[in-house]
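Please open the model in your viewer and keep the sequence panel beside it. The stops below say what to select next and what is found there.

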Amino acid sequence: MAPRPSADRVVELAELVRTYKDAYYNGQPLVTDAAYDALEDELRALDPENAALKSVGAPVVVTEWEKARHAIPMGSLNKVVNEAELRQWAARCDQLGAESSLAPISNDLLVTEKLDGLSLAVNYERGRLVDAITRGDGHVGERITANARRMKGVPARLPEPITVSIRGEIILKLSDMKIGFPGTDAPPRNRAAGTSKRYDGAGCEHLTVMFYDLEGGDTEYATEREKYVRLLQLGLIVPPFEVTDLEGALRIHADYASNKRAALDYEIDGLVVRANDLRAQQLLGELGDRPRAAVAFKFPSLAKISRVVAIAWETGPTGRVTPIANVEPVEIGGATVQFVSLHNVSNVDRLGIGVGDEVLVSRRNDVIPYLEEVVVKHGPSVTVPTECAACGGELGRRGEYLVCTNRECRAIVEGRIRRWVGTQDILELGDKLIAQLVEAKLVREPADLYRLTVEDIAGLERRGTLVATKVLANLRAKLPLTLPVFLASLGMDDFALETAKLLVANGYDTLEKVQAASAEELAALKGMGAIKAKSVVSGLASRAEEIQRLLDAGVVPVAPSAGGALSGKSFCFTGTLPRPRKEYEELVVKHGGTVLSGVTKDLGYLVMSDPTSASTKAEKARKYGTQCIDAAAFMALIEAADRGAVGDGAPAVGEGTAGAD
Ligand SMILES: [Zn+2]
């Protein structure tokens, strides 16, 4: 290997780029743009993957956002809520258009998604980002340029040196919410709004901006569609768009309402339908700041008013107390909602909610009910408890949460044992038996389970030797636990199986390594995020003694890839398979392989009922050279693994050659 003479230069360049970028992002550039560009170009040529090219600059210290006036006001749209109203709007457009001798406007409409986020105008001068201003009241917004620079989809530089103002929506994708803000299910819109205005910019890297309009620039546009195409050319993210007629718009709306909307990775609250022809838009003009030639075609509301009957405070396995509102049963989107989580005590304070209040309850994305707001207040706000409902112990505050401080709290102990048992799917060890074991003080923590005797269990009410023997056998049959299962079973805050797997996949494959990791180190892992990293480290520290007692009891986690026959191989399971997906996944992990949730370039095998299928997933897999196999072939692979016959290049599964030992 020849030495790389440019290595020193790379280090030097990376440092310069970082320094200058930080200065630039803080509004105090140290060099001219041209000089900076030259350095960046040189670094890119020598080391295209260098982290300095991707870093977003040092945090900016802001104590108040400057107010800024929009050169062109950001208007809003009139709304329609059903087919009849859309037809009415279209007919009116056609009529107004006819007065100006235009062809029917309803034959040439552009339909796109109405993103449920926060509007933002981003200004570029000669291709450089200079300004990002929130919508505000449409005329004056807040200049959040420093934060906007951190968001996905907002390039610091456009590929062309044009001066242009582009408009879009700051959204928080559901997948990014899971990563960046684990354990919350407030509407992403609220999270996006709060985060985008944080003075320290924390979390803005999880936000995305999708663009839908541009003003200025070098080009004349004749249609709305041309503007979208231009945005795409500039490398910007735009929502899906389609040019169609009125019937087409109705069809698209129906399609979104029935399935497309629920499958999106972000929330939308309707479609935007507008005249595709910009001249028509101009001729029709505005009425009270709202364009006549455009309309927001909303989806049926998934929110209804109900009344609070009671508010309960439930202590969970981590000690966190979750306030839950019991509301008068109300039907939303085909399901009856009666209990609505209020998440944490801070949220209760914010809502100022009390028994008797009329509240707006929604089911966002058709899943978890959410209490949006108090609509009419009818009584005093609820008193925040000082004692745990489960044990009477004192409640303390930890961040946004109330927590039970009693280490022996029944709710915490039972919750933890249930988590331990549930994560491992230990049969026969149900909630009732767990309650009995805790009540009898036989079990205080997971380690105690492994010291139980047949007599201990058989001595409990309505339990016998038979059950006792089965329970203990099932418990032991799961050993040894793989490291991810061990960690996830502990039921720590923000530390589910996915997180544990992520750690192992990144080389933290022993308990020692995981325990030694720092929050900064973990925060740098892709898919982790600073908040989760902090939770992981503090969770492990606070449970160190409990973990030691598990090790002492003989529950020692093993690295999933330690010599497993499927080590280095990855699998993704899709569609209906003969056995529950979880069983297949367990087999993979047990044999040292990894389970991926989707098709990526690195995926080795896609397991599906019909490997010849032309589904999107299968097509994508074939494109990447991933093998598509069925469940039988997968099982053959496992059997071969059990016989020690799977080598590095053993793709010929299920062809009768797998057993060649
Ligand atoms: Zn308690």
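A residue is called buried when its relative accessible area is under 20%, exposed when that value is over 50%, and partly exposed in between. The coordinates belong to a predicted model, and the tour of this predicted model begins with its division into domains.

**Domains**

Colour the chain by its domain assignment, which gives domain 1 (7-58), domain 2 (78-298), domain 3 (303-404), domain 4 (410-477), domain 5 (483-552) and domain 6 (570-642). If you place a marker at the centres of domain 2 and domain 3, taken over C-alpha atoms, the separation is 34 Å.

**Salt bridges, starting at helix H1**

Side chains of opposite charge can pair when their charged atoms come close. The structure holds 35 salt bridges, and three pairs are visited here, beginning with Arg-9 and Glu-12.

Select Arg-9 and Glu-12, whose side chains meet in a salt bridge of 3.4 Å, N to O. Because the two are 3 residues apart in helix H1 (residues 7-25), about one helical turn separates them. Glu-12 is partly exposed at 42% relative accessibility, and Arg-9 is likewise partly exposed, with a relative accessible area of 27%. Add Glu-42 to the selection, and you will have a network of salt bridges that links Arg-9, Glu-12 and Glu-42.

Next, select Lys-197 and Glu-142, which form a salt bridge with their closest N and O atoms 3.6 Å apart. Lys-197 lies in the loop between helix H7 (188-196) and strand S8 (208-216), whereas Glu-142 lies in strand S6 (residues 140-143), so the pair ties together parts that are 55 residues apart in sequence. Is Glu-142 buried or exposed? Glu-142 has a relative accessible area of 18%, under the 20% limit, and therefore counts as buried, while Lys-197, with a relative accessible area of 33%, is partly exposed.

Then move to Asp-509 and Lys-513, a salt bridge in which the closest N and O atoms are 2.8 Å apart. Asp-509 counts as partly exposed at 21% relative accessibility, and Lys-513 is also partly exposed, with a relative accessible area of 40%.

**Strands S14 and S15**

Select Arg-320, which is found in strand S15 (residues 320-332) and counts as buried at 19% relative accessibility. With Glu-400 added to the view, the C-alpha to C-alpha distance between Arg-320 and Glu-400 is 9.8 Å, although the two are 80 residues apart in sequence.

Now turn to Ile-305, found in strand S14 (residues 303-315) and partly exposed at 43% relative accessibility. Together with Val-375 and Val-376, Ile-305 makes a nonpolar surface patch of about 210 Å².

**The positive patch**

For the last stop, select Arg-581, Lys-601, Lys-617, Lys-620 and Lys-623, which gather on the surface in a patch of positive charge. Which helix gives the most to the positive patch? The answer is helix H24 (residues 616-624), with 3 residues. Lys-623 has its place in helix H24, and with a relative accessible area of 66%, over the 50% limit, Lys-623 is exposed.

Methods. Residues are numbered from 1 along each chain as its sequence is written. This is a predicted model: local features need pLDDT of at least 70, side-chain atom pairs count only at pLDDT 80 or more; totals for chains, interfaces and linings use all residues. Side-chain values use heavy atoms; hydrogens and water are left out. Patches are made of residues with over 30% relative accessible area and no salt bridge: like charges are joined within 9 Å, nonpolar side chains (Val, Leu, Ile, Met, Phe, Trp, Tyr) within 5 Å. Accessible areas come from the Shrake-Rupley method with a 1.4 Å probe; for residues, only the protein chains shown count as cover. A salt bridge is a side-chain nitrogen of Lys or Arg within 4 Å of a carboxyl oxygen of Asp or Glu. Lys and Arg count as positive and Asp and Glu as negative; His and the chain ends are not counted. The place of a charge is taken as NZ of Lys, CZ of Arg, CG of Asp or CD of Glu. Helices (H or I, at least four residues) and strands (E, at least two) are DSSP runs, numbered from the N terminus. Buried means under 20% relative accessible area, exposed over 50%, partly exposed in between (1.4 Å probe, protein chains only). Domain bounds come from an automatic or database domain assignment.
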